[in-house]
Amino acid sequence: MTFEDYEREFYELYAEFAETLASILEKAIDASDGPRPQSIQHRAKSPKSLKDRLAESGKLDSDTIENDRRDLAGVRLIFYTNTDVNRFLNARVIFENFEIERGATRVHHPTNENEKRRYRAIHYTTRLKDDRAKLPEYAKFRGMRCEIQVQTILNHAWSETSHDIAYKHRPRAGFGTKAMETINNRFNRIMDKYLLPAGYEFQRVQHDYERLQQGKELFDQDILAAIQAASDNNERFELLTSLKDHVLPNYDDVPAVYHDLIDPLLSVVSKARTTAPQSIQTTFGELEGKTAADVTKAVVDIFDLLRYVDIERTFHALCQLFRDEPDEQIRKAILDAVMRLAEYDIEVWEQAGAAVQSILVDAAETLDGEAQDVVRPIIIAVYEAALKSDINGTTWKANAVTLSSASLPALPDVKTIRDKAITGLFNLFKRSTSETQRREVISALREATRPSSRVQCSNDLLALTMADARRIVEFFKDGVAALSYELRESMEYNYLFDYHRAREIAENKQDRFGCRDVAKALIVAIRQFRDRINADQTYVRYKMLVGFETVLPEHWDDEDRDYQKVKAFRTGQSERFVRDISPDNEAEWFLFIERCASTKSGDGATFPIFRKFLTNLARAKPETVKRRLVHASDDLLSFLPAILSGFFQGSAGIWQECVNGYLAEGTNLASIALHWRELKPPRPDMIKAVLDRAIASADDIAVIQCVLFAIEAGPGDSVPANDQFFTPAISYLTARKDARWTQGAWFADHALSFFEALTRDEAKLLLDNLVEVPRIEYQVERMLSQIARRYMPLVFDYFGQRLGRRTERRAKNRYEALPYRFHGLEQELSKDPKLAVTTVRRWYGEDRILFRFNGGRLLSAAFSHFQPELSDEICSLVTTGTETDADFVLAVMENYHGEPATHEVFKRIIAKYPEDQARMSIVKSSFDSTGIVTGEFGFAEAMRGKKVLIEPWLTDPRPEVQAFAREHIRSLDTRIADELRRAEQEKMLRELQYDDGDES
């Protein structure tokens, strides 16, 4: 069609076509649940305007103007707000009623790609769908294009005005150029300064109004009654969420109804706890239903939101929820809500001072001892918060968070609150029934002794914290008998720092802080506590042998705590203790030794001095230790490896007798094996006997220790041959599906010779066991690296085994078949790309659907930089392979991020399958993959980077690649504009929410 044809014959037809599409859209919108537009406009492009556009582009003489200009027919949908535009687009009315021309959708937004032009709209190039075009009344429009534009009323007003002034009436050459430039700049300024913010203001107002309407509807329906009448937890959770998000924020007088809320909210939690979860039915299948924990958390969130309305009632409600809550995570959420209520907050302080803390401390005080014990963590949290010396606050802005902190003033009401909190904690300590409970109270009391940690505190506050510290020290001084050795040691260590701080203040001649006398009194109290606990010589022995916070006498005069000096002193003392033990006092000493051994720790290595003491004692006085070992507790027997080492060095006969005795009984086998790991006695026959007894007794821990010994010791005189020792041990553990030995294989870097010396069969046995590890940690990867150096195919097969087991193992526990990335193993796996591709290609036929996430991810982890050697293998597979080979390659490429090294693979697939839209879609998504991006406009910038990467494809000798690149660049331009539009909207709405001074 030429311009003359259009002007003479087709203008009216295009006008009728535009009117027809507008009518179809109007009816479709009326039938949908989406927003209604302010207006729907339609037109055919006027011949005059068309002539100007064709002349500008040099196509006035074209005989295919219907292809050169795709907006000959146009429909414009004008909505009130951006939200309406988004909802309309999400309703997909255009897509359901028309055929959208591929690659012709345009998002108009100010971007670098369009020279920051202010015009904003979304354009779709559409045709009638075939089923409609076949109808007689629509047949004449078959193949015709219409551009459908979607925009807001403000953007419409701007574009129409600017188009009429700046576009239609252009100045002649030599006249009005500068004036017109000024007018264009003013138009841009109108958009940026007035219309754009106004559009987002309208959008925000619309959101707020819709929330208000939702809340009103729920309010009118009596949402509290609905919550209580709800029959399942899904409905309860949904109603509670609506109450929090839509009703309460719009309620005019929340304090007036708060008391009416509390009982129904507590009641709904009680009902939820007796209601079984019900799955949620959706069009995509069943979803897991809401649990009682979800309902309780929703109620806690409401109390948290309204925490200051009635502080005491909120406190008691949270206590009631906590008391009956079985879920530990929800109990923590309740405790967190109490802590937020109890903390000193700057904004609250400015309005009410310490009123919140005063109410809470009094509320806690009114509970009797039994009631306090039931909600003990909450009571401690309230008291601890009341004793803090900082007032904190958080101020949110659109692009920043300001954390503020101030020192608490030492006002009379603050002193009263602290006094009550300390008294309450003293009472809790007296009622404590475990070491854990006592430590919790002591930790909370430490808050009373700390001046402000972030800002300079006043002299009055400093004096107050030292006075409170003195009171606390005196309380514990008078109750030393109730303190365990562990607590005494920890408290002495802490009080040492308090002592030196107080001494610095007391020795200041100018009394710069105005509290020298208070500091002196604190020093006296700490010395009295110190002297009282150290008067117990058994305690002094204990902290020499066991403690890791040991305070020596000279530390009170010198703050320097040189670790090596302390260790040397304690070692010397332990050697003296060995000499002091005699037949006359051995009973008393072994009671003390049992007490030391009962100190709880996750790892015996925490007590190196004590272990060394036991070794020295067994070496120097083996008969004494042997005699007492008969009656040893399990706590002391946990140190048996240290004792056996002493026997071995001091009396081979007693050592032999002990080991043989335990072997005969089948007891303490793990300790014997651990002793072998530590000392490596040259008796392979005996450690072989230990392993045999452990296997016969099904003592997995002992077998694990034997495996670790074999690996650590390596080939040598003290280790039985692998086929006699390591092989049966690892085979036993594999049969038990037990690979816990890897958790102790921190030595892997120092035992590489063992893995290097494995035969192929031994390596296979080891890998069969490693299939059982839930995830491949660093130490396992180091072992795999060593095995891969000699037996690479075995390691690839090993990962194949893990992938085959993942479904079975996931049903039992969390099983990660492949790590997200390797930390060294990739250096070995990447040495043979052909083996890697051949092996992983074989797995593709076994599980195509999830292959991208297993075999494909293994290749990307092994070849993280897509090395040229891998590229050659992959490209060869594309060129000479089948369609299935191409699908395999695409599944692999989905794990990369479109790096330049991958481009040749993409190009070969494009050249071979240019018309295969499914494969082209995977190529696009793989090429566009960005990985992690940062910042509001991170995705837009990442897509701009992709555009730079693909532009060289335009000169590729393969026409299919060029065509792909042209289309994809157009797509990237549209997506960049769409992403900028989304990010701008999010940013503007956030700024309005946080930075609107008038509404705040």
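**Entry 1: Cavities**

What volume does the largest cavity have? I looked this up in a predicted model, and the volume of the largest cavity came out at about 230 Å³. My search covered the whole structure and returned 3 cavities of 30 Å³ or more.

I then listed what surrounds the largest cavity. Its lining consists of 20 residues. Those nearest the centre are Asn82, Arg120, Thr152, Asn155 and Arg981. By class, the lining holds 9 nonpolar, 8 polar and 3 charged residues.

Which helix gives the largest share of this lining? I found that H8 does, with 5 residues. Several elements supply at least two residues each, among them strand E5 (121-128), strand E6 (146-152) and helix H48 (959-995). Helix H4 (82-91) and helix H7 (153-167) also belong to that group, as does helix H8 (177-220).

**Entry 2: The second largest cavity**

I recorded a volume of about 50 Å³ for the second largest cavity. The residues lining this cavity are Ile442, Leu445, Arg446, Thr449, Ile472, Phe476, Met491, Asn494 and Tyr495. I sorted them into 6 nonpolar, 2 polar and 1 charged. At least two lining residues come from each of helix H20 (435-446), helix H21 (459-477) and helix H22 (485-506).

**Entry 3: Helix H22**

Since H22 contributes to that lining, I examined this helix further. How many of the 22 residues of H22 are buried? The count is 16, so H22 is largely enclosed by the rest of the structure.

I also checked the length of H22. With 22 residues at 1.5 Å a residue, H22 should span 32 Å. The C-alpha atoms at its ends are 30 Å apart, which agrees with that expectation.

**Entry 4: The second largest pocket**

I next turned to the second largest pocket, which contains about 1,300 Å³ of space. This pocket is lined by 32 residues, and Arg307, Tyr308, Asp345, Glu347 and Thr394 lie nearest its centre. The lining is made up of 14 charged, 10 polar and 8 nonpolar residues. H8 appears again here: together with helix H10 (233-247), helix H15 (346-352) and strand E9 (390-396), H8 is listed as supplying at least two lining residues.

**Entry 5: Glu828**

Is Glu828 buried or exposed? I noted a relative accessible area of 7% for Glu828; buried means under 20%, so Glu828 is buried. Glu828 lies in helix H40, which covers residues 826-829.

I then looked for its partners. The side chains of Glu828 and Arg789 are joined by a polar contact of 3.3 Å. Leaving aside residues up to four places away in sequence, Glu828 touches Ser785, Ala788, Arg789 and Met792. Arg789 therefore appears in both results, as a polar partner and as a residue in contact.

**Entry 6: Two positive phi values**

Finally, I looked up two residues other than glycine with a positive phi. Asn668 has a phi near 55 degrees and sits in the loop between helix H31 (652-665) and helix H32 (669-679). Its relative accessible area is 22%, and Asn668 is thus recorded as partly exposed.

Where is Ala698 found? Ala698 is in the loop between helix H33 (684-696) and helix H34 (700-713). Its phi is also positive, at about 55 degrees. I recorded a relative accessibility of 37% for Ala698, which counts as partly exposed.

Terms used. Residues numbered from 1 in each chain as written. Predicted model: local features only at pLDDT ≥ 70, side-chain atom pairs only at ≥ 80, totals over all residues. Heavy atoms only, no water. 1 Å grid on protein atoms, 1.4 Å probe; cavity = no way out; pocket = protein on both sides within 12 Å on 5 of 7 lines; lining within 4 Å. Points joined across faces, edges and corners; volume = space filled by probe spheres on them. Helix = DSSP H or I, 4+ residues; strand = E, 2+ residues; numbered from the N terminus. Nonpolar A, V, L, I, M, F, W, Y, C, P; charged D, E, K, R; others polar. Buried < 20%, exposed > 50% of the residue type's maximum accessible area, 1.4 Å probe, protein only. Polar contact = N/O pair within 3.5 Å; in protein donor to acceptor, adjacent residues only side chain to side chain. Contact = heavy atoms within 4.5 Å. Expected span 1.5 Å × (residues − 1).
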